[in-house]
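This report describes one protein chain for readers at the bench. Please keep the sequence and the structure in view while reading.

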Amino acid sequence: MHRVPELPPELALPAQVLLALAALQADATPVSLPRLGKHLGHSASVLMRTLSLLGDAEVGGVRGPGWVQVHQVEGHWRAALTDAGRAAVAELQAALRDLR
């Protein structure tokens, strides 16, 4: 599991999801929600709520950053980083290196 140091709890899970997607999606293949959930130790419902906030969905009148896309393929939910998401992960990784 990817631990994110010194972040408020409301930011830790989204950061963990982004980092995990980057690690699991090395070949650009979308990651199944069960695989992501097992990797992070969270249920699919927790992940779907987090992925919704990281995607481009409008929540509370505010559009998300568009860092992930979630699709259903043959009845299975899969998540993938977008180009913007890969850029956000690079910035997050740089910031985490600076914290060490």
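The sections below treat the overall fold, the sheet, one strand residue, one helix residue, the salt bridges and the largest pocket.

## Overall composition

The structure is a predicted model. Its chain contains four helices and five strands. Read from the N terminus, these elements follow the order α-β-α-α-β-β-β-β-α.

Of the chain's 100 residues, 36% count as buried. Contacts between residues at least 6 apart in sequence include many that span longer stretches: 40% of them join residues at least 24 apart.

## The three-stranded sheet

Three strands make up an open sheet in the order β1-β5-β4, and their pairing is antiparallel. Strands β1 and β4 (68–73) stand at the edges; each has a single partner strand, so one side of each is left without a neighbour in the sheet. Helix α3 (residues 44–54) packs on this sheet and touches β4 and β5. The direction of α3 makes about 130 degrees with that of β4.

The two pairings can be described in turn. Strand β1 pairs with strand β5 (residues 76–81) in the antiparallel sense over two bridges. On this side of the sheet, V31 has A79 of β5 as its bridge partner, and S32 has R78 of β5. On the other side, six bridges join β4 to β5, and these two strands also run antiparallel. Here Q69 has A80 of β5 as its bridge partner, while Q72 stands opposite W77 in β5.

Strands β4 and β5 form a hairpin with two residues between them. In the turn of this hairpin, E74 has a positive phi of about 50 degrees.

## S32 in the edge strand

S32 lies in strand β1, which covers residues 31–32. Is this residue buried or exposed? Its relative accessible area is 18%, and the cut-off for a buried residue is under 20%, so S32 counts as buried.

Which residues does S32 contact, leaving aside its neighbours within four places in sequence? They are W77 and R78. R78 is also the bridge partner of S32 in β5, and W77 is the residue of β5 that stands opposite Q72.

## T50 in helix α3

Helix α3, which packs on the sheet, contains T50. With a relative accessibility of 7%, T50 counts as buried.

Apart from its neighbours within four places in sequence, T50 is in contact with L13, P14 and V17. T50 and V17 are 33 residues apart along the chain, and their C-alpha atoms are separated by 8.0 Å. Another of these contacts, P14, is among the residues nearest the centre of the largest pocket.

## Salt bridges

How many salt bridges does a search of the whole structure find? It finds two.

One of them joins E58 to R63, with the closest N and O atoms 3.8 Å apart. R63 is exposed, with a relative accessible area of 54%.

The other joins D83 to R86, with the closest N and O atoms 2.5 Å apart. Both residues belong to helix α4 (residues 83–99); because D83 and R86 are three residues apart there, about one helical turn separates them. D83 is exposed, with a relative accessible area of 59%, whereas R86 is partly exposed, at 40%.

## The largest pocket

Rolling a probe the size of a water molecule over the atoms shows where empty space is left. In this model, the largest pocket holds about 230 Å³ of space. Its lining consists of eleven residues, of which L11, P14, A15, L18 and W67 lie nearest its centre.

Which helices each supply at least two residues of this lining? They are α1 (9–24), α3 and α4. The largest share, four residues, comes from α1. Two of these helices appear in earlier sections: α3 touches β4 and β5 of the sheet, and α4 carries the D83 and R86 pair.

Notes. Residues are numbered from 1 along each chain as its sequence is written. This is a predicted model: local features need pLDDT of at least 70, side-chain atom pairs count only at pLDDT 80 or more; totals for chains, interfaces and linings use all residues. Side-chain values use heavy atoms; hydrogens and water are left out. Buried means under 20% relative accessible area, exposed over 50%, partly exposed in between (1.4 Å probe, protein chains only). Contact means heavy atoms within 4.5 Å. Two strands pair if DSSP finds at least two bridges between them. Axes are lines fitted to C-alpha atoms, for helices over the stretch in contact, and angles run from 0 to 180 degrees between N-to-C directions. A salt bridge is a side-chain nitrogen of Lys or Arg within 4 Å of a carboxyl oxygen of Asp or Glu. On a 1 Å grid over the protein atoms alone, a cavity is a set of points where a 1.4 Å probe fits but cannot get out, and a pocket is an open set with protein on both sides within 12 Å along at least five of seven lines; lining residues have an atom within 4 Å of a point. Grid points are joined across faces, edges and corners, and a volume is the space filled by probe spheres set on the points.
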